[in-house]
Every structure is written in C-alpha cells, then in structure tokens.
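Reader: Please show me the structure, and then let us go through the contact between its chains, step by step.

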There are 2 protein chains.
Amino acid sequence: MARAGLTPERLAQEGAELADELGFDEVTVSALARRCGVKVPSLYSHVRNSQDLRTRIALFALEELADLAAAALAGRAGKDALVALADVYRDYAREHPGRYAASRFPLSPEAAAASAGPRHSQMTRAVLRGYDLTEPDQTHAVRLLGSVFHGFVSLELAGGFSHSAPDSRESWSRALDALDALLRNWPAN
Amino acid sequence: MARAGLTPERLAQEGAELADELGFDEVTVSALARRCGVKVPSLYSHVRNSQDLRTRIALFALEELADLAAAALAGRAGKDALVALADVYRDYAREHPGRYAASRFPLSPEAAAASAGPRHSQMTRAVLRGYDLTEPDQTHAVRLLGSVFHGFVSLELAGGFSHSAPDSRESWSRALDALDALLRNWPAN
DNA sequence: TGCACCCGCCTAAGAGTATTAGGCAAATGC
DNA sequence: GCATTTGCCTAATACTCTTAGGCGGGTGCA
C-alpha cells in the first residue's frame with residue numbers, strides 16, 4: 001500500500017485548509033482522513049486524538065498569524081503600526097476564517113506558553129512604544145487593543161455588522177482612529 | 001410510562017444549565033436527554049434536531065441577557081449607564097459561561113432578526129444618548145462598544161488575561177474609563 | 001361515565017465519528 | 001540481505017444523531 005507521507009505538521013496544515021473550507025468545528029479526524037486519502041485510524045499514528053489535532057491546527061494558525069504580524073510591523077511605528085497590526089488580524093480572519101477560529105481554540109496553560117501567543121502580546125506592546133504609556137497602563141492598553149481587535153473581527157465574521165449601513169470597513173477605520181486618539185491621550189487614573 | 005413534562009421551552013432552559021455546567025459545545029441531544037431522565041429520541045418530539053436545540057438555547061440566553069441589561073440600565077445615564085451595561089455582559093459571562101457562549105451561536109438572519117439581538121443594539125444606542133454623537137458616528141460607536149464588550153469578556157473567559165498582573169478587573173475598569181473618555185471626546189472624521 | 005383519539009415517551013435500527021488493538025508490508029539500518 | 005521499525009490497514013467497540021414505528025395514558029367529547 002502506497003504511503004501517503006503523513007506527518008503531524010502536514011496534518012496540521014491540511015487541517016487548517018479544511019477549517020477554512022468547512023469551518024473549524026467541522027474539522028474532524030474523519031474529514032481529515034478523507035481529505036488525505038487515508039483511512040481514519042491511520043491518523044492516530046501522527047496525532048494523539050481529535051483534541052491534539054485541533055491543538056496543532058491552533059498552534060499552526062497562531063504561528064502563521066504572528067509571522068504575518070511581524071512582517072507587517074517591520075519598519076512601522078505609531079498609528080501606522082497600530083493600523084498595520086490591526087489589519088493583519090482582520091484580513092487574516094476574513095481570508096482564513098477557519099484558521100482564525102482555530103487560533104481561538106482554548107490551549108492548556110503549557111501549550112499556550114509554548115505557542116506564538118506571547119509573540120502576539122509582545123507585538124502589541126511594540127506598537128504601544130509609539131505612544132507614551134508606562135506600566136501598568138501599558139498592560140491595560142494591550143488588553144484593550146486585543147479586545148477591540150478580537151471583538152470587532154469576531155462580530156464582523158459572525159455577520160453582526162452586515163445588512164446595515166454604514167459599511168463595517170468604515171467602522172473599523174473609525175475604531176482605529178478612536179484607539180489612536182485614545183492612546184495619544186490616555187486618561188489618567 | 002410517567003410523562004416527563006418536556007416542552008421546547010423547558011428543554012432550552014435545561015440546555016442552558018447544562019451549557020453552564022459542561023460548556024456549550026458539550027450540550028448534546030444525548031446529554032440533555034440524560035439530564036431530563038428520558039430516552040434520546042423523546043427529545044425529537046420537541047426540537048427538530050441538534051441545531052434547533054442549540055438555536056433555542058441561544059435565543060433563551062439572548063433574551064435573558066437583554067432582560068438583565070434592561071433592568072441594569074433603568075434610571076441610569078452617561079458613564080453610569082455605560083458601566084452598568086458593560087458589567088451586565090461581563091458578569092453574565094462569568095456566572096453563566098455556557099449561556100454566554102450560547103448567545104454567540106450563529107443564527108440565521110431570520111432567527112437573528114426575531115431574537116433579542118436588536119434589543120441589545122438598541123440598549124447600546126440608549127447608552128450613547130448620554131454622549132453627543134450623531135449618525136453615522138453613533139453606529140460606529142455602537143460597533144466599537146460591542147467589540148470591546150465581547151472581545152474583553154471573551155478573552156478573559158478564555159483565560160487570556162489570567163496568570164499575569166494586574167488583575168483583569170482593573171483592566172476592565174480602565175477600559176471603561178477609556179471608552180467613556182473616548183465617547184465624550186469622539187475624534188472628528 | 002365511557003370511549004376514541006392524540007400525544008408523549010418508548011424500542012429498534014442505521015449512519016457517522018472517535019478510539020483502540022492488532023496485522024502486513026514497505027522503508028530503513030546494519 | 002536480513003531485521004527492525006514504521007506507516008497504513010482491517011476489525012471492533014462505544015457514543016451521538018436521526019428516523020420509523022409502537023404502546024399506553026391523558027384529554028375531550030358524547
């Protein structure tokens with residue numbers, strides 16, 4: 001019988017594509033086996049179980065997203081950097097909704113610590129270097145930015161902003177303007 | 001055979017409790033049947049299928065959450081109202097994580113229109129009456145507030161803010177301060 | 001009060017998914 | 001060139017979802 005050349009890495013990548021096509025919730029061991037032209041139990045040589053598979057896809061997506069963010073941030077500062085980082089998240093979610101959903105998959109504390117998650121918060125912190133915040137305000141701002149990015153993208157993806165004027169892109173741009181203004185003039189405690 | 005007295009409404013409510021106990025993703029027809037002390041197929045006299053069951057739980061949670069928000073908003077205005085509304089969402093998510101997750105369940109456009117969803121945006125608009133915004137800025141602000149509320153609550157629930165100082169409650173309070181400041185001084189286009 | 005009907009719950013059965021155990025053959029290493 | 005490892009397979013079990021069809025108790029009408 002011909003070998004399909006499966007590896008945990010390749011399964012994570014194929015799983016990510018499957019997620020974009022069907023939705024992350026539809027990424028099942030069976031569906032992935034079908035896509036790889038292999039019987040279901042064969043996957044168990046490469047991933048421990050369904051949970052492990054999802055975790056690998058999540059880690060893959062987090063890494064890919066962090067790489068995109070790092071590239072977008074290079075050579076930018078201030079509002080320019082803020083918008084660039086924000087757009088990376090929004091564009092990724094729109095182009096790869098399944099992978100974006102995967103990146104929200106709950107990880108164990110150990111897995112989260114070893115993931116690209118810390119890179120994401122470091123990059124948000126880097127954006128804040130363009131503004132004049134010191135701890136603990138910087139941490140509060142990191143959390144606020146993360147909340148707006150994830151919240152907006154996730155509501156937009158769920159269709160919460162569709163079918164009503166004005167265009168959600170316009171709201172996105174105004175939200176980023178507002179965040180920039182806010183960070184430049186962060187309210188004292 | 002004794003009648004269990006099942007109704008679609010009661011199933012939605014029991015399902016909501018099950019969601020809080022096990023997580024919304026674990027709310028299955030089988031688990032709900034077990035909880036109600038009946039055989040699985042019995043549920044199909046009351047709900048069309050698993051998707052229908054989840055939808056009913058989502059509608060129940062949206063309604064309950066809207067009722068809580070309406071009660072919290074009564075007699076408040078300005079920042080007071082902003083904080084009250086925001087706290088309703090955060091507290092609900094912390095006390096009823098499964099129901100909160102259910103309230104994010106994707107609804108068909110018709111179901112969404114008939115749900116308590118519109119009440120939620122109306123209440124956010126009502127909060128904005130305490131600030132000086134006109135359309136389309138008001139819509140942009142509604143979307144921004146929704147993004148921050150959902151984004152923060154969802155990241156906090158996923159553990160994104162845990163295990164690191166400062167306390168996430170502090171960040172929440174600072175985020176609301178920031179939003180209030182922002183709305184009082186909304187940047188011109 | 002008696003009876004027919006309906007409705008609520010049941011058993012039976014088929015399909016899909018997750019997972020484990022064990023086998024065979026192709027690739028790998030000495 | 002042979003032994004071992006490794007990759008994929010079949011077989012089997014368990015659980016969930018869903019449909020079909022049966023039985024009996026509660027309800028409504030005479």
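Reader: How many residues does each chain give to the contact?
Author: This is a predicted model, in which local features need pLDDT of at least 70, side-chain atom pairs count only at pLDDT 80 or more, and totals for chains, interfaces and linings use all residues. Residues are numbered from 1 along each chain as its sequence is written, chains are lettered from A and ligands numbered from 1 in the order in which they are written, and side-chain values use heavy atoms, with hydrogens and water left out. Taking contact as heavy atoms within 4.5 Å, the count is 33 residues from chain B and 33 residues from chain A.

Reader: Which residues of chain B lose the most area to chain A?
Author: Buried area is the accessible area (1.4 Å probe) that two parts lose on being put together, summed over both. Chain B and chain A bury about 2,700 Å² between them, with 62% of it on carbon and sulfur atoms. In chain B, three residues together account for 27% of what that side buries, and those that lose the most area are B:His140, B:Arg143 and B:Arg174.

Reader: What relation do the two chains have to each other?
Author: The copies are superposed by least squares on the C-alpha atoms of residues with pLDDT of at least 70 in both. A turn of 180° with a shift of 0.0 Å along the axis lays chain B on chain A with an RMSD of 0.0 Å. That is the relation of a two-fold axis.

Reader: Which C-alpha of chain B is nearest the axis?
Author: The same surface serves both copies, since 100% of the contact residues of chain B recur in chain A. In chain B, the C-alpha nearest the axis lies 1.8 Å from it, and belongs to B:Gly151.

Reader: Which residue of chain B meets A:Arg174 in a salt bridge?
Author: A salt bridge here is a side-chain nitrogen of Lys or Arg within 4 Å of a carboxyl oxygen of Asp or Glu, and by this rule two are found across the interface of chain B and chain A. In one, with an N to O distance of 2.9 Å, the side chain of A:Arg174 meets that of B:Asp137.

Reader: Which helix gives the most residues to the side of chain B that touches chain A?
Author: Helices (H or I, at least four residues) and strands (E, at least two) are DSSP runs, numbered from the N terminus. The elements that give two or more residues to this side are helix H8 (137-157) and helix H9 (168-184) of chain B. The one that gives the most, with 13 residues, is H8(B).

Reader: With which side chain does that of B:Ser171 make a polar contact?
Author: B:Ser171 has its place in helix H9 of chain B and is buried (under 20% relative accessible area, with exposed over 50% and partly exposed in between; 1.4 Å probe, protein chains only), with a relative accessible area of 1%. Not counting residues up to four places away in sequence, B:Ser171 touches A:His140, A:Arg143 and B:Phe152. A polar contact is a pair of N or O atoms within 3.5 Å; within protein, one must be able to donate a hydrogen and the other to accept it, and residues adjacent in sequence count only if both atoms are side-chain atoms. At 2.7 Å, the partner of the B:Ser171 side chain is that of A:His140.
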